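Grab a pencil and keep the picture open while you go. Each exercise below sets a task, and a worked solution follows.

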Amino acid sequence: MTTEDCLFCQIIAGDIPADIIYESDDAVAFRDINPQAPTHVLIVPRQHIATINDLTDEDCDTVGKLFMAAQAIAKEEGLADDGYRTVMNCNAAAGQSVFHIHLHLLGGRLMSWPPG
Ligand code: AMP
């Protein structure tokens with residue numbers, strides 16, 4: 001997969017519409033098209049990285065910024081005090097379906113554990 005046929009690269013470029021709620025130099029966040037909770041946001045790096053397996057030491061700052069974005073969005077969405085979940089799936093067994101890393105931010109309902 002190249003950035004040209006990556007769904008999330010196309011959303012970041014503005015070629016495919018999405019409900020974008022956060023943008024920074026490093027990351028973009030938009031509402032999931034098939035939400036699994038009252039708040040379900042995907043936080044994606046602008047840089048195309050296919051899976052967690054493809055991360056290098058040079059990406060540590062990028063990944064850290066996804067979590068800082070999650071913190072800011074959770075606060076903005078009123079989730080910070082009650083709590084919320086962040087998830088990043090890797091490859092087929094975990095259910096990854098879009099191969100551009102993304103941090104799911106889910107909140108607004110009680111979460112069970114373990115996840116399915
Ligand atoms: P994952 O299964 O972890 O790779 O997550 C991919 C997520 O992307 C799923 O929760 C999908 O509902 C979501 N998704 C797929 N297409 C779009 C889209 N066009 N806009 C927003 N979210 C999307």
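**Exercise 1: a salt bridge across the chain**

Which kind of contact do the side chains of D26 and K65 make, and what is the N to O distance?

*Solution.* Before you start, know that this is a predicted model, where local features need pLDDT of at least 70 and side-chain atom pairs count only at pLDDT 80 or more, while totals for chains, interfaces and linings use all residues. Residues are numbered from 1 along each chain as its sequence is written, and side-chain values use heavy atoms, with hydrogens and water left out.

Step 1. The side chains of D26 and K65 meet in a salt bridge, 3.6 Å from N to O. The term means a side-chain nitrogen of Lys or Arg within 4 Å of a carboxyl oxygen of Asp or Glu.

Step 2. Now place the two partners: D26 sits in the loop between strand 1 and strand 2, and K65 in helix 2, so the pair links distant parts of the chain, 39 residues apart. Helices (H or I, at least four residues) and strands (E, at least two) are DSSP runs, numbered from the N terminus.

Step 3. Check the cover. D26 counts as partly exposed because its relative accessibility is 28%, and K65 is partly exposed too, at 32%. The scale is this: buried means under 20% relative accessible area, exposed over 50%, and partly exposed in between (1.4 Å probe, protein chains only).

**Exercise 2: more salt bridges**

How many salt bridges does the structure hold? Find the ones that involve D61 and E23.

*Solution.*

Step 1. The structure holds 5 salt bridges.

Step 2. Look at K65 again: its side chain also meets that of D61 in a salt bridge, 2.9 Å from N to O. D61 and K65 both lie in helix 2, 4 residues apart, which is about one turn of the helix. D61 is partly exposed, with a relative accessible area of 47%.

Step 3. Move on to E23, which forms a salt bridge with R46; their closest N and O atoms are 3.3 Å apart. E23 belongs to strand 1 (residues 20–23) and R46 to the loop between strand 3 (39–45) and helix 2 (60–76), so this pair ties together parts 23 residues apart in sequence. E23 counts as exposed because its relative accessibility is 53%, whereas R46, at 32%, counts as partly exposed.

**Exercise 3: around the ligand**

Which residues come nearest to the ligand? Then work out which side chains reach its oxygen atoms.

*Solution.*

Step 1. There are 16 residues around the ligand, and D32, N89, G95, S97 and H104 come nearest. A residue is near a molecule if one of its heavy atoms lies within 4 Å of it.

Step 2. Sort the shell by class: 7 residues are nonpolar, 7 polar and 2 charged. Here Ala, Val, Leu, Ile, Met, Phe, Trp, Tyr, Cys and Pro count as nonpolar, Asp, Glu, Lys and Arg as charged, and the others, Gly among them, as polar.

Step 3. Pick out the atoms. A polar backbone atom of I33 is 3.1 Å from a nitrogen atom of the ligand. H102 brings a polar side-chain atom to 2.9 Å from a ligand oxygen, and an N or O atom in the side chain of H104 lies 2.8 Å from an oxygen atom of the ligand.

Step 4. Ask which elements take part: helix 1 (7–13) and strand 2 (27–31) give two or more residues to the shell. Helix 1 gives the most, with 3 residues.

**Exercise 4: two histidines**

Is H104 buried or exposed? Compare your reading with H100.

*Solution.*

Step 1. H104 has its place in strand 5. H104 counts as buried because its relative accessibility is 12%.

Step 2. The side chains of H104 and H40 are joined by a polar contact of 2.8 Å. Such a contact is a pair of N or O atoms within 3.5 Å; within protein, one must be able to donate a hydrogen and the other to accept it, and residues adjacent in sequence count only if both atoms are side-chain atoms.

Step 3. H100 is found in the loop between helix 3 (91–94) and strand 5. H100 is buried, with a relative accessible area of 0%, and its side chain makes a polar contact of 3.3 Å with the side chain of H48.
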